Amino acid sequence: MEIILSELPSLDQFKNNNTATLFKLAKEKRNQNNFLKTAKNEETGVSDLSSACISPCEIVVNQSMTLLNCSYRHLQDIEECWFPSNATVLLLNNNKIEILNFGMFSNLNELKILNLSNNDISNITEDAFIGLKNLEILSMENNRIVFNVSNVFNHLKTLQKLYIKNQNVQSVDAYTNKISFPPSLVLLTWDMNESSLGDEFMQLHNLSTLILSGTTNHIEHSSFQTVPGIKELILTDLRNLTRINQNCLCTIKHLNILAIKHTPIGIRSALKLFHCLEDRNMSIIALDDIAINKYRLDVSVINGESVLSRNLTSFLTKVCVQEVTITSSYLILVYVNAMYSPTWEQCLKKLDLSENPVIGQIFSNLQFLRFSNIQYVDVSDTFKSKFRLSLFWEAPEAVYAEKMAIAVQDTHGLSNKNSWKYIDILSAHKITGVNCKNVSIGFVCVKLSASLKFVKIRRLFGYYIMQFGISFQDGYNIEYIDISECGLSNFKYPVVGLNSLKTVIVSANDLSLIRENFFDEFPLLEKIAMSTCNLHSALICFKGSRYFLKLTYLKFVDISSNSLNLLQPDTFKFNKNLKGVNLANNRFMHIPLDVSLTPNLMVLDMCDNVLTTINKPIRDKLDDLVYRNGYFKLNLDGNIFSCHCENIQFLAWLQNSLVTLDNNRNYTCMDQDGVLTHTLLYQDLNTFWRLCVGEVYFFSSLVIATTIGIGFLTFFISTKNSNYIMSYLMKLFGSFQYKKQSDYANGVFIGYADQDYKFTCDLLLPYVETTLGLKAFVRDRDLLPSSDVARGLVEAVNSSWRIILVFNENFLRADDWMWFTIRCAIYSQTPANPSRIVVMVHKQHLHHLPDELLSAVLDENVIVVSRWELGYTIRHQLRTLLKQQY
């Protein structure tokens, strides 16, 4: 329902239009939900309340309307209690409603707009609309209604617009009775399934707009005689129409707008209709998609359906009409002067011949560029595009972009290679008043109407090399030119005479050769589109700011799809009014612009480049634009970002920045394993941070712990083996020599407790002296009773090759000379004899050994015994330790 919806505010607009006190929405909801069905129980005298009537509709209220939005809710039935009585707009479209029963809208006395389109309605009872005494607009299009009741609309006394076309019923008898329409109707959409409109239309004296579709296959002379007063007639989607009488419009006396769309009657039949409209004044004539033999070039040309000749357009060109549109109708040949008449020269303001595959020199018909009041010309799209282009500043997200009033086009195919003083292209068609003056040598003159504002010749021709400058005469009012996809190249020559130009679209031409001051002739330019123009990266990089130097009013620039990888940050430093820049589909590895130089920038499109991240200085500048302007949009879709740990700040910025980002802030990225993923998967940045920083800290801690461990181990080893280390270093760097057994008077000193003499004297001493052949010193045998014990122990220890200390419980706890003997042994151990001390200890007392002794004795010099016996293992250890040399 395009028409009815265009008359309604959008829900967002409606919600935002709260200039006065809003309805108390909660109260209104409460009023809806408190319609209770009460039943009296006679036996108990207790009231039985059923469940509340809960409305599925959304209510939006402002000072001028109360709108109920019940659309798209899969409703099959309607309950009267859903709708508050003060509703003015009710939207029930796009549901599954099948029948409209008696009085279901009876309480809506203030309702003005009712939309029931796109349902499954097949039956309407006689008084379904009772109570709608103020209804002005009713839409029931795209249903399956069979109007078998004639007075179904009798209660709608104030109805002005009725939309009931496109009833999807198989039978042509969908309207079994003649419907009684409200006389107040000014607009009606209707399914025309018969050749003529019935007598029921005669009462519609106020009807001004009639929109017809349906299944009829022919329209007769008298088809519209019952609606002689309509001003707008639109025939659309009459797909079965094969014959239309050329006099059918003669009965309509005041026709102002005629549109025939998506109805294959052919251009010849359509143009013959205008013989009844000669010398009339009209606003719009639109013929859109009316070809009979589409895609059959031979048939269309032979039968004349794709040819516009002077004879064929003679009736049309005698109508004083302001706007003429003949689009998508498969025109192939347009004869000279087919579109010219003195009437059109004075009346025509807009001409649209776009989307027709015209061949040959369409420039032969460019005399309409000289019409006195022409403002809009569109002869674009004569062939299909091989590019996918769209106007950057008309994208939905460009909220700041001004709505373009009309698009336009122009230009002439200049083929003469000579440098003439001037060439008046249009003079050949004998249009009076052509006079090109003050044209410099090397320029071609193109004479235009002074009223012309919009010219659009996109895809008009496929190839042209500019070989001279172009001077437009009387082109000072032109504001919009679209010459995209015309195969133009060699922009080394100036174009002058378009001083008021505000929008120029040259996309999909070859601008690899363009003079650096080309745009200087258009000082008022606001929008430039140069997408897919083969711009040279180095040229744009080093001379970019010069191209835009004089364009102080510039607002939008599109240089997308040019394979650019270089751009100076100050390219747009002279364009302080710049609002939008499109750099999409290039090869930029970073955002190349210094956005601080464009303080009013609101949209930057960087889609489909090779960005992997955005560094912090640029992110800060983008955020500053939001703070400064209140809005900034950055498009990044199509880039593959890095989701490595070093980009965690960028990922956080994507989530939290006030910059408006496209694609729901979700972009393709590559993780540390080279796997493609998406940035939305990294929403839990705390966990990701721990993974990233945890790994770093883990390895850092591991290194520190390893260093400490190695240091501690080194210290421990060096302390425990200081004699070995010292002796090794002294031997390595000096003449130091280890002592030998022969350097000592005694072979072994044996220290023990008096209580343990049995093991020492009966087992150990014989083994040392007899078996090993070493001279031993034992205190009880070799120390004279009258001698000084301390002196004797010191001398004995110092004169012994090895010192055996036998540790058991007696020696550790009861022997008076235990500590003296231990310290003498420790002090006697020198780098010259580092393995001097041998300790024999019972395993039960191993942990009782003094720490200072353990730090001085090597582990291999400690012999642990389970019993005080000399078994094979003990003897072998003793032999090794007592006999070894260095």
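Colleague: Let's start with Arg459: is this residue buried or exposed?
Modeller: Keep in mind that this is a predicted model. The relative accessible area of Arg459 is 12%. Buried means under 20%, so Arg459 counts as buried.

Colleague: Thanks! What is the phi of Arg459 near?
Modeller: Arg459 sits in the loop between β24 (454–456) and β25 (464–465). Most residues other than glycine have a negative phi. Arg459, however, has a positive one, near 55°.

Colleague: Which residue forms a salt bridge with Arg459?
Modeller: The partner lies in the loop between β27 (480–482) and β28 (488–489), so the pair ties together parts that are 26 residues apart in sequence. Its relative accessible area is 6%, so this partner is buried. The closest N and O atoms of the pair are 2.9 Å apart, and the residue is Glu485.

Colleague: Which residues are linked with Arg459 and Glu485 in a network of salt bridges?
Modeller: The pair we just discussed, Glu485 and Arg459, is a salt bridge in its own right. The network that holds both also links Asp381, Arg458 and Asp482.

Colleague: Moving on, how far apart are the closest N and O atoms of Asp520 and Arg546?
Modeller: Asp520 lies in the loop between β30 (503–505) and β31 (527–529) and Arg546 in helix α7 (residues 537–547), so this salt bridge ties together parts that are 26 residues apart in sequence. Asp520 is buried at 18% relative accessibility, while Arg546 is partly exposed at 24%. Their closest N and O atoms are separated by 2.7 Å.

Colleague: Now the interior: which helix gives the most to the largest nonpolar core?
Modeller: In soluble globular proteins, nonpolar side chains tend to be buried together. Here the largest nonpolar core has 178 residues, and Phe105, Phe129, Phe153, Phe224 and Leu634 have the most contacts inside it. Five residues of this core come from the helix that gives the most, α9 (residues 648–656).

Colleague: And how many residues are in the second, separate core?
Modeller: Among its members are Phe749, Leu783, Ile803 and Ile822. The size of this second core is 24 residues.

Colleague: Last one, about the surface: what accessible area do Phe712, Leu713, Phe716 and Ile717 have together?
Modeller: Phe712 belongs to helix α10 (residues 685–720). With 55% relative accessibility, Phe712 counts as exposed, since exposed means over 50%. These four residues form a nonpolar surface patch, and their accessible area together is about 400 Å².

How values were computed. Residues numbered from 1 in each chain as written. Predicted model: local features only at pLDDT ≥ 70, side-chain atom pairs only at ≥ 80, totals over all residues. Heavy atoms only, no water. Patch = residues over 30% accessible without salt bridge, like charges linked within 9 Å, V, L, I, M, F, W, Y side chains within 5 Å. Areas by Shrake-Rupley, 256 points an atom, 1.4 Å probe, with all protein chains shown as cover. Salt bridge = Lys/Arg side-chain N within 4 Å of Asp/Glu carboxyl O. Helix = DSSP H or I, 4+ residues; strand = E, 2+ residues; numbered from the N terminus. Buried < 20%, exposed > 50% of the residue type's maximum accessible area, 1.4 Å probe, protein only. Core = buried A, V, L, I, M, F, W, Y, C linked by side-chain atoms within 4.5 Å.
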